[in-house]
Amino acid sequence: MNAPVQSNKKAELLATTVEHVDITSFDARPIIDSMRKMSFSSRDTARAADIFSMALEDETCSPWLILAGSTSAGGCMHVYRDMVQFNMIDAVVATGASIVDMDFFEALGYKHYQAAGPVDDNILRDNYIDRIYDTYIDEEELQACDHAIYEIANRLEPRGYSSREFIWEMGKWLSEGNAKKPGSLIQTAYEKGVPIFCPAFVDSSAGFGLVKHQKERAKAGKPYMMIDAIADFRELTDIKIAAGTTALFMVGGGVPKNFAQDTVVCAEILGEDAEMHKYAVQITVADVRDGACSSSTLQEAASWGKVSTTYEQMVYAEATTVVPLIGSDAYHRDSWKKREPRQWGKLFGK
């Protein structure tokens, strides 16, 4: 691949950084209280906030964050970090892109940028700039992220790792002084004992670094590490069995959504008694008419024995518009202060 041509154009395009919203800096409770008296998506959002608050107040409940899409790059990165930091979340299931291309990427000191307006994507390619809707990423910096993953893989014992275990190693690596931006989701989860799972881990910047690791090791006749997807499923199911009552706070859908929901079915297959997820919120813009799992309603999930319909709410909204409100509402209602941290990483000696 040819080196990109450095130009003033690239600096112009990457002039304005995305600033992540801080849920501790404003109190959304009055907004949520007002929305509760409205209709349409506002009332749905208020009920979703109420269900999440109920989950946090339930001493028997373990809430999980289920994350898909690009909201981390779009300004919600610190919302998810703070939900872990302030003991609102006991486990995370996410896409590899959310965890690696966005969170780990910024932990290395890189930024996401706002697009100033429409631009020819061929011009972006000429300047090594990747686009997520109206957000830009410097491709050269993303390749540095790939290389960091490669370095972490090279220092590990050559064997199978669940994504949870590898991301734990990423958090450890960051905490050892390699983080240019402290307080990433990965590092915070590592320090708080909150496991992060990426069931499609290599569908991200991590994939490039891991492929390079395996190719070079194989060429040299050396064993290499690998990601064990079956271990992912087994470990998250172990958490579900140990947790008992659980809540899902889902942003988007995709593989993370179904993976988290399927733990109930997997436990049953293993002969273990695991109740359906008691509390569930999903924020999505997906249309239900195509029959895809990403857009399946929580009511539909009940037919599979995955989610109880007593405390569930679909919110059809673009997530960056409502996630900060729900997060701020939960933070300022203080229920998290009374929760006992589960630290599910201890199940696996981490």
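Which residue in strand 9 does Leu 65 stand opposite? I looked that up before anything else. Leu 65 faces Phe 249. I keep in mind that this is a predicted model.

**Entry: strand 1 and its partners**

I took strand 1, residues 61-67, as my starting point. I checked its partners one at a time. Strand 9 covers residues 245-251 and is joined to strand 1 by seven bridges. The two strands run parallel. Strand 2, residues 91-94, is also parallel to strand 1, and I found four bridges there. Trp 64 has Ala 91 as its bridge partner in strand 2.

Next I asked how much of strand 1 is covered. Seven of its seven residues are buried. I then sorted them by face. In a regular strand, side chains alternate between the two faces of the sheet. On one side of strand 1 I listed Cys 61, Pro 63, Leu 65 and Leu 67. On the other side I listed Ser 62, Trp 64 and Ile 66. Both sets are buried, so both faces are covered, with buried meaning under 20% relative accessible area.

I followed the chain onward from strand 1. Together with helix 4 (residues 71-85) and strand 2, strand 1 makes a β-α-β unit. Its hand is right.

**Entry: Phe 249**

I went back to the residue opposite Leu 65. Phe 249 lies in strand 9. Is Phe 249 buried or exposed? Its relative accessibility is 2%, and Phe 249 counts as buried.

I listed its contacts, leaving aside neighbours within four places in sequence. From strand 1, I noted Trp 64, Leu 65 and Ile 66. Met 83, a residue of helix 4, touches Phe 249 too. The list also holds Phe 52, Val 281, Ile 283 and Ile 326.

I checked one distance as well. Phe 249 and Leu 67 are 182 residues apart along the chain. Their C-alpha atoms are separated by 8.4 Å.

**Entry: helix 4 against helix 14**

I moved to the helix of the β-α-β unit. Helix 4 packs with helix 14, residues 319-333, at an angle of about 5°. Their axes are 10 Å apart. The two helices are therefore roughly parallel to each other.

Which residues meet across this pair? Helix 4 brings Thr 71, Cys 76, Val 79 and Tyr 80. Helix 14 brings Ala 319, Thr 320, Val 323 and Pro 324.

**Entry: helix 5 against helix 8**

I looked at a second helix pair. Helix 5 spans residues 96-107 and helix 8 spans residues 163-178. Their axes come within 11 Å and cross at roughly 15°. Helix 5 is therefore roughly parallel to helix 8, as angles under 35 degrees count that way. The crossing is right-handed. On the helix 5 side, the contact is made by Ile 99, Val 100, Phe 104 and Ala 107. On the helix 8 side, I noted Ile 167, Met 170, Trp 173 and Leu 174.

**Entry: the three-stranded sheet**

I turned to an open sheet of three strands. What is the strand order? The order is 3-5-4, with antiparallel pairing. Strand 3 (113-114) and strand 4 (129-132) are the edge strands, and each pairs on one side only. Strand 4 and strand 5 (residues 135-138) are joined by four bridges. I found Ile 132 opposite Thr 135 in strand 5.

The loop between strand 4 and strand 5 holds Tyr 133. I read its phi as about 55°, positive although Tyr 133 is not a glycine. Tyr 133 is exposed, with a relative accessible area of 70%.

**Entry: Phe 40**

I noted another positive phi. For Phe 40, phi is near 60°, and this residue is not glycine either. I placed Phe 40 in helix 3, residues 40-57. Its relative accessible area is 75%, and Phe 40 is exposed.

**Entry: Thr 237**

My last stop was helix 11, residues 229-243, where Thr 237 lies. Thr 237 is buried at a relative accessible area of 0%. What does Thr 237 contact, leaving aside its neighbours within four places in sequence? I found Thr 263, Cys 266, Ala 267 and Leu 270. I also checked Ala 49, which is 188 residues from Thr 237 along the chain. The C-alpha atoms of Thr 237 and Ala 49 are separated by 26 Å.

Methods
Residues are numbered from 1 along each chain as its sequence is written. This is a predicted model: local features need pLDDT of at least 70, side-chain atom pairs count only at pLDDT 80 or more; totals for chains, interfaces and linings use all residues. Side-chain values use heavy atoms; hydrogens and water are left out. Buried means under 20% relative accessible area, exposed over 50%, partly exposed in between (1.4 Å probe, protein chains only). Two strands pair if DSSP finds at least two bridges between them. A crossover is right-handed if, with the strands pointing away from the viewer, the path from the first strand over the helix to the second runs clockwise. Axes are lines fitted to C-alpha atoms, for helices over the stretch in contact, and angles run from 0 to 180 degrees between N-to-C directions. Angles under 35 degrees count as roughly parallel, over 145 as roughly antiparallel, 65 to 115 as roughly perpendicular and the rest as oblique. A crossing is left-handed if the near helix is turned anticlockwise from the far one by less than a right angle, and right-handed if clockwise. Contact means heavy atoms within 4.5 Å.
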